[in-house]
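Reader: Got a few minutes? I want a quick walk through this model before I set anything up.
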Amino acid sequence: MGNDVRTVYAISQMENPYIFGEPLRSDRMFFGRVAERSEIFRGVTKANKQNYLITGPRRSGKTSLLYQLKTRLEFPFVPLMVTPESFGHQHHELFRGLLLRLRDQVLEIVGKELPRIDWYIANASAETPIDMFNYYFEKDLKKILTGLSTVSSQARVVLLIDEATFLLGESSERDKRVPDFRQEFLRHLLQAFDRVACVLAGTPQILRMTSVTSPLYNIFSGIKLRGLSRYETEQLVREPARSVGVEFEDEAVDRIIDLGGCSPYYTQALCGLSLERANEDVRQSVLLPDVQQSAETILDTLDYGLQSVWEALDPEEQEVLAKTAKEPVVVDRTNQDVISRLVDMNLIQKIVRDASTPAERTFASIKAEIDEQWLQRQGV
Ligand SMILES: Nc1ncnc2c1ncn2[C@@H]1O[C@H](COP(=O)(O)OP(=O)(O)OP(=O)(O)O)[C@@H](O)[C@H]1O
Ligand SMILES: [Mg+2]
């Protein structure tokens, strides 16, 4: 009797392990990114620290990767997750937020009272002279770092700054007359303090902002988040389902790979919605029609689709992408730069035809069928 009740409960509450939309905070649903993760980990922890700039289009997994780093960095490393969104974008808001959060975190680790942050920092406003603000900020930062070094001489703070677009973009739409010193100050801090390393994450559009004129140019090493490998995508489809006793049919897996183009987000969305359908029918296997139906749902729900990625592209990129959605495009000297950028964003892939013959040519074609269908529906 007891067992029967448990069975019924298990069916009605069948678990759906897939997560799409929210950043992943734990290991369980995180797949791939092994090379990227270990390179960044090595760089920010080695004696001669290296800073990183992670770029990837919307929903490529930037925030999830930062969380992975956060959970892996153990003392003497002190990871600090920073979102300009949560602190405010202005110079004093951003750096004060950072200092307060850091102080709390160090307090937790060191376990003894640290001096309060300076009155000047605590009460700074947009009118506060930036030079003075920076002076007191550095003084406070030194105190915190000294507090840390009493626990370990190896201690280092690792700033994990998400949504860097806000930091690197215009200071604020409201007030463009105020010069923006945030980038200069961040560079100064990273150069002046060995004990502070930094990983920035943002969309590929920030590469235009960190051009040669940016003070951050040259002190960051770039990491581009492309799609997962086919093998990793297959694992992402099959393993979570297996953990709840469900199998994806081979045909369904192949279809997910074609539709999602090995994008971790599309893969999770397709899997999650397909599994839901199987759960509704109390089936232990996910079939091809489940996947087809899920793709329809994704296309009908604006927020799932390509919209935000598309809007961030420049007109040249949009034009080439729209063309590849109709038919493969020959890569030549006039379009190769745009195509490389779209390849980096996991939107298109290059295919060589007639390799090693005089007829050899490289074609670019769209990567995820979902994107292709979305573009067709938009009529572009
Ligand atoms: N390594 C991964 N393994 C499995 N799924 C992933 C991975 N990375 C991202 N995802 C999927 O993509 C979704 C979005 O991830 P995340 O929020 O980290 O992306 P993002 O690049 O920070 O997006 P945004 O630009 O919107 O902030 C997750 O909810 C998850 O479904
Ligand atoms: Mg994010």
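Author: Sure, we can go from the overall figures to single residues.

Reader: Ground rules?
Author: This is a predicted model: local features need pLDDT of at least 70, side-chain atom pairs count only at pLDDT 80 or more, and totals for chains, interfaces and linings use all residues. Residues are numbered from 1 along each chain as its sequence is written, chains are lettered from A and ligands numbered from 1 in the order in which they are written, and side-chain values use heavy atoms, with hydrogens and water left out.

Reader: How many helices and strands in the protein?
Author: The protein has 18 helices and ten strands. They are DSSP runs, numbered from the N terminus: helices are H or I with at least four residues, strands E with at least two.

Reader: What does the C-alpha trace span?
Author: About 70 × 65 × 40 Å along the principal axes.

Reader: How much of the protein is buried?
Author: 49% of the 380 residues. Buried means under 20% relative accessible area, exposed over 50%, and partly exposed in between, with a 1.4 Å probe and protein chains only.

Reader: And the contacts, what share comes from residues 24 or more positions apart?
Author: 72% of the contacts with a separation of 6 or more. A contact means heavy atoms within 4.5 Å.

Reader: Surface next. How much is accessible?
Author: About 19200 Å², and 49% of that belongs to carbon and sulfur atoms. The areas come from the Shrake-Rupley method with a 1.4 Å probe; for residues, only the protein chains shown count as cover.

Reader: Which residues make the nonpolar surface patch?
Author: Phe-75, Ile-109 and Val-151, with about 220 Å². Patch residues have over 30% relative accessible area and no salt bridge; like charges are joined within 9 Å, nonpolar side chains (Val, Leu, Ile, Met, Phe, Trp, Tyr) within 5 Å. A salt bridge is a side-chain nitrogen of Lys or Arg within 4 Å of a carboxyl oxygen of Asp or Glu.

Reader: Where is Val-151?
Author: In the loop between α7 (130–149) and β3 (156–161). Val-151 is partly exposed, at 43% relative accessible area.

Reader: Back to Phe-75. Is its peptide bond to Pro-76 cis or trans?
Author: Cis, with omega near 15°. Pro-76 sits in the loop between α3 (62–72) and β2 (77–82).

Reader: Backbone oddities, then. What is phi of Cys-262?
Author: Positive, about 65°, although Cys-262 is not a glycine. The residue lies in the loop between α12 (250–260) and α13 (264–280).

Reader: Is Cys-262 buried or exposed?
Author: Buried, with a relative accessible area of 8%.

Reader: And Val-282, what's its phi?
Author: Near 50°, positive again in a residue other than glycine. Val-282 is in the loop between α13 and β7 (285–286). It is partly exposed, at 43%.

Reader: Switching to α17. Which residues are buried there?
Author: In α17 (residues 336–344), Val-338, Ile-339, Leu-342 and Asp-344 are buried.

Reader: What covers them?
Author: The cover includes β5 (220–224), α16 (315–326), β9 (348–353) and β10 (361–366). After α17 comes Asn-346, with a positive phi near 65°.

Reader: Last one. How far apart are Gly-245 and Gln-284 in space?
Author: 6.8 Å, C-alpha to C-alpha, with their positions 39 residues apart in sequence. Gly-245 is in the loop between α11 (230–243) and β6 (247–248) and counts as partly exposed at 41% relative accessibility.
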